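Please walk through this protein with the model open alongside the text. The account begins with one helix and works outwards from there.

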Amino acid sequence: MQKVARNFFTLAVVYALVGMALGLQMAISKDHAQMPTHAHIMVAGWLMSAVFAFFYHLFPTVAEKRLATVHFWLTAISGTGLLIGLYIMLAGNPAIEPLVATSSMAFYAGLLLFAYIALPVVWKAERHLETQKA
């Protein structure tokens with residue numbers, strides 16, 4: 001695993017460690033107020049970053065393109081802002097909501113960019129396999 005795939009996988013592992021630590025902290029304290037943050041870390045952070053990592057691992061020529069690097073940084077920065085902002089907001093600081101909203105929209109833009117990058121590649125690979133079977 002190299003470059004963007006490695007970066008996304010590393011990011012996924014970091015999110016998993018943080019998300020599980022938050023889950024343990026909530027269980028130990030019996031205070032589950034940060035459940036939405038925990039869920040976002042595990043799904044938007046761990047799961048999505050791992051999926052991105054494996055996509056770029058499976059299609060290394062796509063991972064070498066500049067858009068893949070833009071995708072990584074857009075996702076990493078907006079995801080971090082989203083999750084830290086969500087934690088702070090749910091801890092009783094509603095003034096941070098603009099950061100959460102902006103980060104959420106940027107994170108969504110990262111997913112749209114991934115769709116733009118990945119869907120043509122996957123459909124092209126599928127058509128290529130179908131023509132080889134014929």
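**The first helix and its surroundings**

In this predicted model, the buried residues of helix H1 are Val 4, Ala 5, Phe 8, Leu 11, Ala 12, Tyr 15, Ala 16, Gly 19, Leu 22, Gly 23 and Met 26. An α-helix has 3.6 residues a turn, so residues three or four places apart point the same way. The buried residues of H1 pack against three other helices, namely H2 (35-58), H3 (60-63) and H4 (66-90). H1 itself covers residues 3-29, and its 27 residues reach 39 Å from the first C-alpha to the last, close to the 39 Å expected at 1.5 Å a residue. After H1 comes Lys 30, whose phi is positive, near 60°.

The wider setting can be described briefly. The protein has five helices and zero strands, and read along the sequence it follows the pattern α-α-α-α-α. Its C-alpha atoms fill a box of roughly 60 × 30 × 25 Å, taken along the principal axes. Of the 134 residues in the protein, 34% are buried. Among contacts between residues at least 6 apart in sequence, 71% join residues at least 24 apart.

How, then, is H1 placed against its partners? Two packed helices are described by the angle between their axes and the distance between the axes. H1 and H2 pack at an angle of about 160°, with their axes 8 Å apart, and because angles over 145 degrees count as roughly antiparallel, H1 is roughly antiparallel to H2. The crossing in which H1 passes H2 is left-handed. With H4 the geometry is as follows: the axes of H1 and H4 come within 10 Å and cross at roughly 10°, and these two helices are therefore roughly parallel to each other. On the H1 side of this pairing, Val 4, Asn 7, Phe 8, Leu 11, Tyr 15 and Leu 22 meet residues of H4 that include Ala 68, His 71, Phe 72, Thr 75, Leu 83 and Tyr 87.

Two residues give a view of these packings at the level of side chains. Ser 49 lies in helix H2 and, at 1% relative accessibility, counts as buried. Leaving out residues up to four places away in sequence, Ser 49 touches Phe 8, Leu 11, Ala 12 and Tyr 15, together with Ala 44. Leu 22 lies in helix H1 and is buried, with a relative accessible area of 10%. Neighbours within four places in sequence aside, Leu 22 is in contact with Gln 34, Thr 37, His 38, Ile 41 and Tyr 87. One of these partners, Ile 41, is 19 residues from Leu 22 in sequence, and the two C-alpha atoms are 9.3 Å apart in space.

The nonpolar core comes next. In soluble globular proteins, nonpolar side chains tend to be buried together. The largest nonpolar core here has 24 residues, of which Val 4, Phe 8, Phe 55, Tyr 56, Phe 72, Phe 114 and Ile 117 touch the most other members. Each of H1, H2, H3, H4 and helix H5 (97-133) supplies at least two residues of this core, and the largest share, seven residues, comes from H1. Tyr 56, one of the residues that touch the most other members, is in contact with Val 4, Ala 5, Phe 8, Val 62, Ala 63, Ala 68, His 71, Phe 114 and Ile 117, not counting residues up to four places away in sequence.

The last element to follow is H4, whose 25 residues reach 36 Å from the first C-alpha to the last, close to the 36 Å expected at 1.5 Å a residue. Buried in H4 are Ala 68, His 71, Phe 72, Thr 75, Ala 76, Ser 78, Gly 79, Gly 81, Leu 82, Leu 83, Gly 85 and Leu 86. Leu 67, which also has its place in H4, is partly exposed, with a relative accessible area of 37%. Leu 67 touches Leu 113, Tyr 116 and Ile 117, not counting residues up to four places away in sequence. Leu 67 and Leu 113 are 46 residues apart in sequence and 8.2 Å apart in space, C-alpha to C-alpha. H4 is followed by Gly 92, whose phi is positive, near 105°.

Methods: Residues numbered from 1 in each chain as written. Predicted model: local features only at pLDDT ≥ 70, side-chain atom pairs only at ≥ 80, totals over all residues. Heavy atoms only, no water. Helix = DSSP H or I, 4+ residues; strand = E, 2+ residues; numbered from the N terminus. Expected span 1.5 Å × (residues − 1). Buried < 20%, exposed > 50% of the residue type's maximum accessible area, 1.4 Å probe, protein only. Contact = heavy atoms within 4.5 Å. Core = buried A, V, L, I, M, F, W, Y, C linked by side-chain atoms within 4.5 Å. Axes fitted to C-alpha atoms, helices over the stretch in contact; angles between N-to-C directions. Parallel < 35°, antiparallel > 145°, perpendicular 65-115°, else oblique. Left-handed = near helix turned anticlockwise from the far one by under 90°.
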